[in-house]
Amino acid sequence: MSPNENTRSLEAGIERDFSDKMSYGSYLALDDLLSAQHPVSRPEHHDEMLFIIQHQTSELWLKLVLHELRAVRTRLAADDLRSAMKGIARIKHIQRSLTEQWSVLATLTPSEYSEFRDDLGASSGFQSYQYRAVEFLLGNKNAAMISVFAADPAASSLLSGLLEQTSIYDEFIRYLSRRGYAVAPELLTRDVTQAHVYDESLLAVYKHVYENPAGNWDVYEACEELVDLEDNFQLWRFRHLKTVERTIGMKRGTGGSSGAGFLRRALELTFFPELYAVRTEIGR
Ligand code: HEM
Ligand SMILES: N[C@@H](CC(=O)c1ccccc1NC=O)C(=O)O
């Protein structure tokens with residue numbers, strides 16, 4: 001390469017013939033992926049592409065979060081705490097990326113959004129079955145949420161399946177019990193289709209763990225990983241709320257809810273209540 005042409009020449013060994021070989025594009029199904037953006041505004045509004053891609057990339061990451069959460073659940077059920085924590089570490093990075101991504105959508109002004117919002121009809125992120133699946137896997141079960149997917153049999157059966165199965169918190173609690181921690185027996189046989197609700201016996205278990213980290217190191221660490229997971233989930237919810245406030249103010253949502261007020265109430269939900277309650281018990 002001549003240094004003053006500012007051009008990199010191809011090396012002789014670089015593959016060029018993909019007529020009978022797998023290429024980058026074919027491996028990643030880029031034809032499908034990159035032809036899946038269909039703005040509905042007419043004439044097409046420039047900023048609708050941002051709106052679509054922000055959602056599609058979020059859904060792709062949610063797909064990976066679900067994949068990893070299922071693996072975490074299986075690893076906990078198999079008493080493999082260390083590899084479960086490896087999965088949680090990855091999920092935490094994905095969550096950070098999802099939360100950071102709100103800053104891109106925050107560049108959408110209310111003036112821009114209002115030019116194509118009506119074209120979205122009744123569609124809304126409330127109808128994200130992957131988001132609901134993540135909530136179910138973390139333990140915030142809510143059968144009523146499935147009614148939104150009556151017209152989508154695949155989404156309904158995914159969510160009904162997860163509703164019936166244990167959450168990662170159920171599996172963590174069962175793991176603690178197998179390890180000899182004094183978990184109330186009712187917790188082990190609870191109706192897993194219901195949201196996990198605060199349990200005193202777990203508070204006592206965590207109090208013991210947090211007061212004696214040295215003797216409970218792996219469980220102590222695992223508890224902090226779960227708190228990180230919930231913390232990150234709430235940060236995503238908070239950024240969603242703040243983006244909604246700056247984009248549509250106090251308008252009702254396209255999905256039919258009151259809007260920001262409804263989203264604010266989600267900040268009151270908790271996946272692992274005892275892991276927060278234990279903070280009050282530690283020290284003076
Ligand atoms: C300008 C951008 C956005 C606005 C104005 C907005 C607004 C809203 C509103 C008002 C709701 C309440 C349900 C309703 O009545 O529609 C909602 C729910 C929801 N949105 Fe968005 N949203 C935006 C972007 C996003 C993005 C990028 C995602 C990513 C996937 C998302 C995911 C969700 C989810 C999962 C819910 C359900 C939350 C829950 O059940 O607590 N939203 N959104
Ligand atoms: N609920 C939003 C609309 C919206 O944000 C949206 C519409 C279609 C698909 C995904 C969406 N994202 C999150 O709710 C609104 O009320 O403006």
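Begin by selecting ligand 2 in this predicted model, and colour the residues of its shell by class: two of them are nonpolar, seven are polar and one is charged. The residues that surround ligand 2 are His55, Arg117, Leu120, Ser123, Ser124, Gly125, Ile248, Gly253, Thr254 and Gly255, and with arginine counted as charged, Arg117 is the charged member of that shell.

Move next to ligand 1, which is surrounded by 25 residues, the closest being Ser124, Gly125, Gly253, Gly255 and Ser257. Under the same colouring, the shell around ligand 1 shows ten nonpolar and 15 polar residues, with no charged residues. If you then display the helices, you will find that helix H3 (48-77), H12 and helix H13 (260-266) each supply at least two residues of this shell, and that H12 gives the most, with five residues.

Keep H12 (217-248) on screen and add helix H11, residues 200-211. As a check on its geometry, select the C-alpha atoms at the two ends of H11: they are 16 Å apart, which agrees with the 16 Å that its twelve residues should span at 1.5 Å a residue.

Now pick out the buried residues of H11, namely Leu202, Val205, Tyr206 and Val209. When you look down the axis of H11, these buried residues fall within an arc of 95°, so they line one face of the helix. An α-helix has 3.6 residues a turn, so residues three or four places apart point the same way. To see what lies against the buried residues of H11, show helix H9 (168-178), helix H12 (217-248) and helix H14 (273-281), against which they pack.

Notes. Residues numbered from 1 in each chain as written. Chains lettered and ligands numbered in written order. Predicted model: local features only at pLDDT ≥ 70, side-chain atom pairs only at ≥ 80, totals over all residues. Near = placed C-beta within 6 Å. Helix = DSSP H or I, 4+ residues; strand = E, 2+ residues; numbered from the N terminus. Expected span 1.5 Å × (residues − 1). Buried ≥ 20, exposed ≤ 12 C-beta atoms within 10 Å, placed from the backbone. Arc of directions from axis to C-beta. Contact = placed C-beta atoms within 7 Å.
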